[in-house]
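Subject: Handing over the structure

Dear colleague,

Here is the structure I would like to pass on to you, together with its sequence. Please look it over before reading the notes beneath it.

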Amino acid sequence: MFVSQNMQEKASSLRCHPTEAEKFVWRKLRRRQLGYKFARQFVINNQYIVDFICMEKRLIIEVDGGQHCGNEQDVRRDKNLTALGYHVLRLWNNDVLNNWEGCYIRIMEYLMK
């Protein structure tokens, strides 16, 4: 699939400047530590850049800060990604950093389906 240079550059920039919560999650997901391959800052349909994705399970994990609470743009984005056959799991930065076990359980529940 063709990915525009602009989207590639945005994704690359996001990979180079992750949030603390994104760094933490990536350390837990990379190298098939959960039994599945994940990619980070992945471009979908030349339209969306998702934080983490497991293509095998079509699982997208978004790690969000408070600015995403009740965000209508995120709701539309999730609906569009769901229509493309993905499941979107949103984790809050605070939960990732302070309750990883709970986040891990939510991720594994989906991966084990």
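What follows is a short account of what was found, going from the whole chain to single residues.

Please keep in mind throughout that this is a predicted model. The chain contains 5 helices and 4 strands, and along the sequence these come in the pattern α-α-β-β-β-α-β-α-α. As for overall dimensions, a compact globule of 113 residues would be expected to have a radius of gyration near 13 Å, and the chain, with 14 Å, agrees with that expectation. Taken along the principal axes, the box filled by the C-alpha atoms is roughly 35 × 30 × 30 Å.

Of the 113 residues, 40% count as buried, while the accessible surface of the chain comes to about 6900 Å², with 49% of it belonging to carbon and sulfur atoms. Among the contacts with a separation of 6 or more, 57% are made by residues that lie 24 or more positions apart. On the side of charge, the chain has 18 positive and 13 negative charges, and their mean positions are 6 Å apart.

Helix α2, which spans residues 20–29, deserves a paragraph of its own. Its buried residues are A21, E22, F24, V25, W26 and L29, and the elements that cover them include the strands β1 (39–44), β2 (48–54) and β3 (59–64) as well as the helices α4 (93–98) and α5 (100–111). In reading such a list it may help to recall that an α-helix has 3.6 residues a turn, so residues three or four places apart point the same way. After α2 comes R31, which has a positive phi, near 55°.

Two of the buried residues of this helix, F24 and W26, bring us to the aromatic rings, of which the structure holds 2 pairs. The rings of F24 and W100 have centres 5.6 Å apart and planes at 75°, so this pair is edge-to-face. The pair links distant parts of the chain, since F24 belongs to helix α2 and W100 to helix α5, 76 residues apart. W100 has a relative accessibility of 15% and therefore counts as buried. W26 and F52, by contrast, form a stacked pair, with 6.1 Å from centre to centre and 15° between the planes. Because W26 lies in helix α2 and F52 in strand β2, this pair ties together parts that are 26 residues apart in sequence. Both partners fall under the 20% cut-off for buried residues: W26 has a relative accessibility of 17%, and F52 has one of 2%.

W100 appears again in the surroundings of I107, a residue of helix α5 that is buried, with a relative accessible area of 0%. When neighbours within four places in sequence are set aside, I107 is in contact with L34, L59, I61, L89, L91 and W100. Y48, which is 59 residues from I107 along the chain, has its C-alpha atom 21 Å from that of I107.

Finally, N45 sits in the loop between β1 and β2 and is partly exposed, with a relative accessible area of 38%. Although N45 and F2 are 43 residues apart in sequence, their C-alpha atoms are separated by 8.4 Å in space.

With kind regards

Terms used
Residues numbered from 1 in each chain as written. Predicted model: local features only at pLDDT ≥ 70, side-chain atom pairs only at ≥ 80, totals over all residues. Heavy atoms only, no water. Buried < 20%, exposed > 50% of the residue type's maximum accessible area, 1.4 Å probe, protein only. Contact = heavy atoms within 4.5 Å. Rg over C-alpha atoms; globule rule 2.2 N^0.38 Å. Areas by Shrake-Rupley, 256 points an atom, 1.4 Å probe, with all protein chains shown as cover. Lys, Arg positive; Asp, Glu negative; His and termini not counted. Charge placed at Lys NZ, Arg CZ, Asp CG, Glu CD. Phe/Tyr/Trp six-rings, centres within 6.5 Å; stacked < 30°, edge-to-face > 60°.
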